[in-house]
Amino acid sequence: MRLEPFANLVRWVMLLPVAGLLLGAFYFAWNAFFEAVKALFHPLEEALPALVGAVDLALLAAVFLLFSLGLFELFIRPLELPMGNILAVASLSDLKAKLGQVIVMILVVKFFEKALGFKPNSALDFLLFAGGVALLAGALWLAKAKE
């Protein structure tokens, strides 16, 4: 008995997580849009944290979109997209690398959100904050150096 026909049918099961992740991407993108629009009607001091939150939601939408389209390309069929190789995924490790870069960017945005509310009490607080910024810069440099 040959397993190839059965395996060919089973791969279509991956449409379920692909559809769910695409719905999640639309959900986060929609909420990012509304957060940005709401922020426009507030003063700058109030708008900046809201806009940073919108960036965070947009990055989450990008993670869900990358992962859903990556799974589709790996299990169903390659996509012919006009965006070049931005969303092209050749292997699971390629998908993992793309997701890792977006997750690092989400962490940078989360750090920036916390930095907006940063109230130092001592010189050590400033030193630890500077160390956090240096670690983030190093993480971004390593992510870029891998390319």
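Does Phe6 count as buried or exposed, and at what relative accessibility? Phe6 counts as exposed because its relative accessibility is 53%, where exposed means over 50% relative accessible area, buried under 20% and partly exposed in between, with a 1.4 Å probe and protein chains only.

This is a predicted model, in which local features need pLDDT of at least 70 and side-chain atom pairs count only at pLDDT 80 or more, while totals for chains, interfaces and linings use all residues. Residues are numbered from 1 along each chain as its sequence is written, and side-chain values use heavy atoms, with hydrogens and water left out.

Phe6 has its place in helix H1 (residues 4-10), helices being DSSP runs of H or I with at least four residues, numbered from the N terminus.

Two buried residues can be set side by side, with contact taken as heavy atoms within 4.5 Å and neighbours within four places in sequence left aside.

| Residue | Helix | Relative accessibility | In contact with |
|---|---|---|---|
| Ala25 | H2 (residues 15-39) | 6% | Ala61, Phe64 and Leu65 |
| Ser68 | H3 (residues 44-75) | 0% | Val18, Leu21 and Leu22 |

The C-alpha atoms of Ala25 and Leu66 are separated by 9.0 Å, although these residues are 41 residues apart along the chain. The side chain of Ser68, for its part, reaches the backbone oxygen of Leu65 at 3.0 Å.

Helix H4 (residues 92-116) has 25 residues, and its buried residues are Leu95, Lys98, Leu99, Val102, Val104, Ile106, Val108 and Val109.

Key:
Helix = DSSP H or I, 4+ residues; strand = E, 2+ residues; numbered from the N terminus. Expected span 1.5 Å × (residues − 1). Polar contact = N/O pair within 3.5 Å; in protein donor to acceptor, adjacent residues only side chain to side chain.
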